[in-house]
Amino acid sequence: MRLAELSDIHSGYTARGRLEPLPEGGVPALQLRDVGTEGAAPGPDFQRYDLGKLSDRYFVRGGEVVFRSRGEPNAAAAICDPLPEPAVVIVPLVIVRPDRRRILPEYLAWAINHPDAQRRLGAEAQGTSLRMIPMAALENLQIAVPDLQTQKRIVDLDALARQEGRLLRQLAARRETLVSAILGDAAKAADQKEIAR
C-alpha cells in the first residue's frame with residue numbers, strides 16, 4: 001500500500017535564518033542532527049528556540065514518524081509517545097503521521113528503514129553532492145501492512161536483533177582487550193625470564 005494512503009505526510013518548518021538556541025523558554029525543536037542514521041527514536045531533550053507562533057502542523061506530540069529527506073542514509077524514526085511537550089520539526093525533516101488504526105509508528109519507521117525500501121527511495125534520490133528524496137517518492141513508497149499484532153512482533157524482534165548485535169560487538173571488544181592483556185603479560189613474563197638467566 002502507498003505510504004500516502006496510510007499517513008498524512010508533510011515537510012517540517014522552514015526556519016528563516018540561523019536558529020539561536022535559548023537556555024530556557026521558546027519551543028523545543030527537532031532537527032536533522034537529532035535523528036540518528038540508524039533510525040533510533042530521538043529525544044526527548046531538544047534544544048529550544050524562539051520561533052514565534054507556528055501552525056500545529058509543524059509539531060509532533062508523540063506517535064509520529066520523522067524522515068531524513070536529505071543526506072544519507074535517509075532514515076526514519078518513530079517519535080516516543082507521548083513527548084513531555086510538543087516539539088516543532090525543522091526542514092529537511094519530514095513529518096509522517098500514520099493512521100494508527102492500521103499501522104504502528106514503530107513498524108512504519110522499520111518499514112521505511114528496511115533495505116528494500118531504502119533501495120527504492122535511493123533510486124528516486126536527487127542531487128549529487130547532497131542527496132535528497134523528493135516528497136513524491138516518499139508518498140509513493142509501497143509498504144507491506146500486516147495486522148497490528150504482526151507489526152508489533154516485527155518491531156519487537158528487530159529491537160532484540162539490534163540489542164544482540166550491540167552485545168556481540170561489546171563482547172568482541174572486551175575479548176580483544178582481554179587477549180591483548182594476556183599476551184602483554186605473557187610477553188613481560190618471558191622477558192623477565194630472559195633477564196633472570
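Two strands pair here if DSSP finds at least two bridges between them. Helices (H or I, at least four residues) and strands (E, at least two) are DSSP runs, numbered from the N terminus. The model is predicted: local features need pLDDT of at least 70, side-chain atom pairs count only at pLDDT 80 or more, and totals for chains, interfaces and linings use all residues. Residues are numbered from 1 along each chain as its sequence is written, and side-chain values use heavy atoms, with hydrogens and water left out.

**Exercise 1. The antiparallel sheet**

Task: Work out the strand order of the open sheet with antiparallel pairing, and find its edges.

Solution.
- Step 1. The sheet has four strands, in the order β1-β8-β5-β6.
- Step 2. β1 (7-11) and β6 (76-78) each have a single partner strand, so one side of each is left without a neighbour in the sheet.
- Step 3. From one strand to the next, the twist averages 20°. Angles run from 0 to 180 degrees between N-to-C directions, and axes are lines fitted to C-alpha atoms, for helices over the stretch in contact.
- Step 4. Three bridges link β5 (residues 65-68) with β6 in the antiparallel sense. Opposite Val66 in β6 stands Ala77.
- Step 5. Helix α2 (residues 105-113) packs on this sheet and touches β5, β6 and β8 (93-98). Contact means heavy atoms within 4.5 Å. The direction of α2 makes about 165° with that of β6.

**Exercise 2. Strand β5 and its partners**

Task: Find which residues cover the two faces of β5, and where Val65 has its bridge partners.

Solution.
- Step 1. Fix the cut-offs. Buried means under 20% relative accessible area, exposed over 50%, partly exposed in between (1.4 Å probe, protein chains only).
- Step 2. Val65 and Phe67 lie on one side of β5, Val66 and Arg68 on the other, and all are buried.
- Step 3. The bridge partner of Val65 in β6 is Ala78. In β8, the partner of Val65 is Val96.
- Step 4. β5 and β8 run antiparallel and are joined by four bridges.

**Exercise 3. The mixed sheet**

Task: Give the order of the open sheet with mixed pairing, then locate its edge strands.

Solution.
- Step 1. Four strands follow the order β3-β2-β7-β4.
- Step 2. β3 (48-49) and β4 (59-60) are the edge strands, and each pairs on one side only.
- Step 3. Two bridges pair β4 with β7 (residues 87-89) in the antiparallel sense. Phe59 stands opposite Val88 in β7.

**Exercise 4. Helices α2 and α3**

Task: Describe the burial of α2 and α3, then the packing of one on the other.

Solution.
- Step 1. Seven of the nine residues of α2 are buried, so α2 is largely enclosed by the rest of the structure. Among them are Tyr107, Leu108 and Ile112.
- Step 2. In α3 (residues 115-124), Ala117, Gln118 and Leu121 are buried. They cover an arc of only 100° around the axis, which puts them on the same side of α3. The arc is that of the directions from the helix axis to the C-beta atoms.
- Step 3. Arg119 and Ala123 are exposed, on the face of α3 turned away from its buried side.
- Step 4. The buried residues of α3 pack against β5, α2 and α4 (135-139).
- Step 5. The axes of α2 and α3 come within 5 Å and cross at roughly 60°. The two helices are therefore oblique to each other. Angles under 35 degrees count as roughly parallel, over 145 as roughly antiparallel, 65 to 115 as roughly perpendicular and the rest as oblique.
- Step 6. Ala111, Ile112 and Asn113 of α2 meet Pro115, Ala117, Gln118 and Leu121 of α3. These contact residues divide into five nonpolar, two polar and no charged. Ala, Val, Leu, Ile, Met, Phe, Trp, Tyr, Cys and Pro count as nonpolar, Asp, Glu, Lys and Arg as charged, and the others, Gly among them, as polar.

**Exercise 5. Cis peptide bonds**

Task: Locate the cis peptide bonds at Pro73 and Pro82, and give omega for each.

Solution.
- Step 1. Most peptide bonds are trans.
- Step 2. Glu72 and Pro73 are joined by a cis bond with omega about 0°. Pro73 is in the loop between β5 and β6.
- Step 3. Asp81 and Pro82 are joined by a cis bond with omega about -5°. Pro82 sits in the loop between β6 and β7.
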